Amino acid sequence: ILDIAPADYAGSAPGPAAEQWKDIGMIIQSLNELPMHQVGTKKDADAFLAKTISDPILRAFALTNLVRREGKWEWKIGIKHINRNMGLIGGFDLGQGLQEPASILGMTFPRDTYFVQGGNSHFIRSRHLPEIQALFPNFTLQTIRNCGHWVHSEDPKATIDRVRGFLDRPDPTPFR
């Protein structure tokens with residue numbers, strides 16, 4: 001799980017994570033509003049997105065999901081659905097309603113679970129650890145220093161190395 005906690009970011013109290021979540025919402029909205037009929041090349045798409053997304057690395061990462069099919073540009077991922085459901089996605093609602101933490105439902109995932117956080121990110125904080133522990137009792141949390149929320153984009157090698165290390169570890173929790 002890359003730099004996200006089971007928390008309500010969409011309706012969270014003011015702070016760095018809430019601000020970052022708003023920024024992510026604006027990025028998704030920009031991708032959703034890309035005028036596909038005006039896009040001839042990915043360079044055209046990048047120029048349009050540069051008006052609202054200043055980070056060229058983030059734009060390049062987002063544009064890896066833009067593909068040409070049957071002569072038309074489209075997103076490989078469901079940007080319209082993501083855009084429409086940002087509140088649900090950012091709320092971590094498993095049916096408990098956002099007034100209660102998801103752990104109130106008594107659900108847990110008993111297998112090994114691996115969390116990776118960016119050292120400069122505010123998405124996984126110490127206040128989230130009790131909820132993580134309740135939902136994922138066999139969790140491991142590692143930090144990639146000098147990265148923000150986009151750890152897989154900011155330091156892909158470190159992210160891949162850590163995830164591989166977790167997946168290739170001896171004696172993982174067996175499936176039941």
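What follows is a chat between a biologist and a modeller about a predicted model of one protein chain.

Biologist: Before the details, how many helices and strands does the chain have, and in what order do they run?

Modeller: Keeping in mind that this is a predicted model, the secondary structure comes to eight helices and four strands, and read from the N terminus the elements follow the order α-α-α-β-β-α-α-β-α-β-α-α.

Biologist: And what does the C-alpha trace span along its principal axes?

Modeller: The C-alpha trace of the chain spans about 50 × 40 × 35 Å along those axes, and of the 176 residues in the chain 35% count as buried.

Biologist: How much area does the chain expose, and what share comes from carbon and sulfur?

Modeller: The chain exposes about 10700 Å², with carbon and sulfur atoms supplying 56% of that area.

Biologist: What about contacts between residues 24 or more positions apart?

Modeller: Among the contacts in the chain with a separation of 6 or more, those between residues 24 or more positions apart account for 67%.

Biologist: Switching to charges, how many positive and negative side chains are there?

Modeller: There are 20 positive and 19 negative side chains, and the centres of these two sets lie 5 Å apart.

Biologist: On to the rings, then: how many aromatic pairs turn up in the whole structure?

Modeller: A search of the whole structure gives four aromatic pairs. One of the pairs is formed by Y114 and F166, whose ring centres are 4.6 Å apart with the planes at 10°, so this pair is stacked.

Biologist: Where do Y114 and F166 lie?

Modeller: Y114 belongs to strand β3, residues 113-118, and F166 to helix α8, residues 156-167, so the pair ties together parts that are 52 residues apart in sequence. As for their surroundings, both Y114 and F166 are buried.

Biologist: How would you class F115 with F139?

Modeller: The ring centres of F115 and F139 are 6.1 Å apart and their planes stand at 85°, so that pair is edge-to-face. F115 is in strand β3 whereas F139 is in strand β4, residues 139-144, so this pair ties together parts that are 24 residues apart in sequence.

Biologist: Are those two buried or exposed?

Modeller: F115 counts as buried because its relative accessibility is 1%, while F139, at 23% relative accessibility, counts as partly exposed, because the range for buried ends under 20%.

Biologist: Which residues do ring pairs link into a cluster?

Modeller: Ring pairs join F115, F136 and F139 into a cluster.

Biologist: Back to F166 for a second: which residue lies over the face of its ring?

Modeller: That residue is R169, which lies over the face of F166 at 3.8 Å from the ring centre.

Biologist: Strand β3 again, where Q117 is found: what does Q117 touch?

Modeller: Leaving out residues up to four places away in sequence, Q117 touches D3, I124, L141, Q142, T143, I144 and V151. Q117 itself counts as buried, because its relative accessibility is 14%.

Biologist: D3 is on that list, so where does D3 sit, and what is its phi?

Modeller: D3 is in the segment before α1, which covers 16-32, and its phi is near 50°, a positive value in a residue other than glycine. D3 is buried, with a relative accessible area of 0%.

Biologist: What about E70, which also has a positive phi?

Modeller: The phi of E70 is about 50° although E70 is not a glycine, and E70 is placed in the loop between β1, 66-69, and β2, 72-75. At 83% relative accessibility, E70 counts as exposed, whereas D3 is buried.

Biologist: New topic, a couple of distances: what separates E33 from I79?

Modeller: Their C-alpha atoms are separated by 9.5 Å, with these positions 46 residues apart along the chain counted as the sequence distance. E33 lies in the loop between α1 and α2 and, at 47% relative accessibility, counts as partly exposed.

Biologist: And K43 to F123?

Modeller: K43 and F123 are 80 residues apart in sequence and 31 Å apart in space, taken C-alpha to C-alpha. K43 is in helix α2, residues 42-49, and counts as exposed at 70% relative accessibility.

Technical notes
Residues numbered from 1 in each chain as written. Heavy atoms only, no water. Helix = DSSP H or I, 4+ residues; strand = E, 2+ residues; numbered from the N terminus. Buried < 20%, exposed > 50% of the residue type's maximum accessible area, 1.4 Å probe, protein only. Contact = heavy atoms within 4.5 Å. Areas by Shrake-Rupley, 256 points an atom, 1.4 Å probe, with all protein chains shown as cover. Lys, Arg positive; Asp, Glu negative; His and termini not counted. Charge placed at Lys NZ, Arg CZ, Asp CG, Glu CD. Phe/Tyr/Trp six-rings, centres within 6.5 Å; stacked < 30°, edge-to-face > 60°. Lys NZ or Arg CZ within 6 Å of the ring centre and 35° of its normal.
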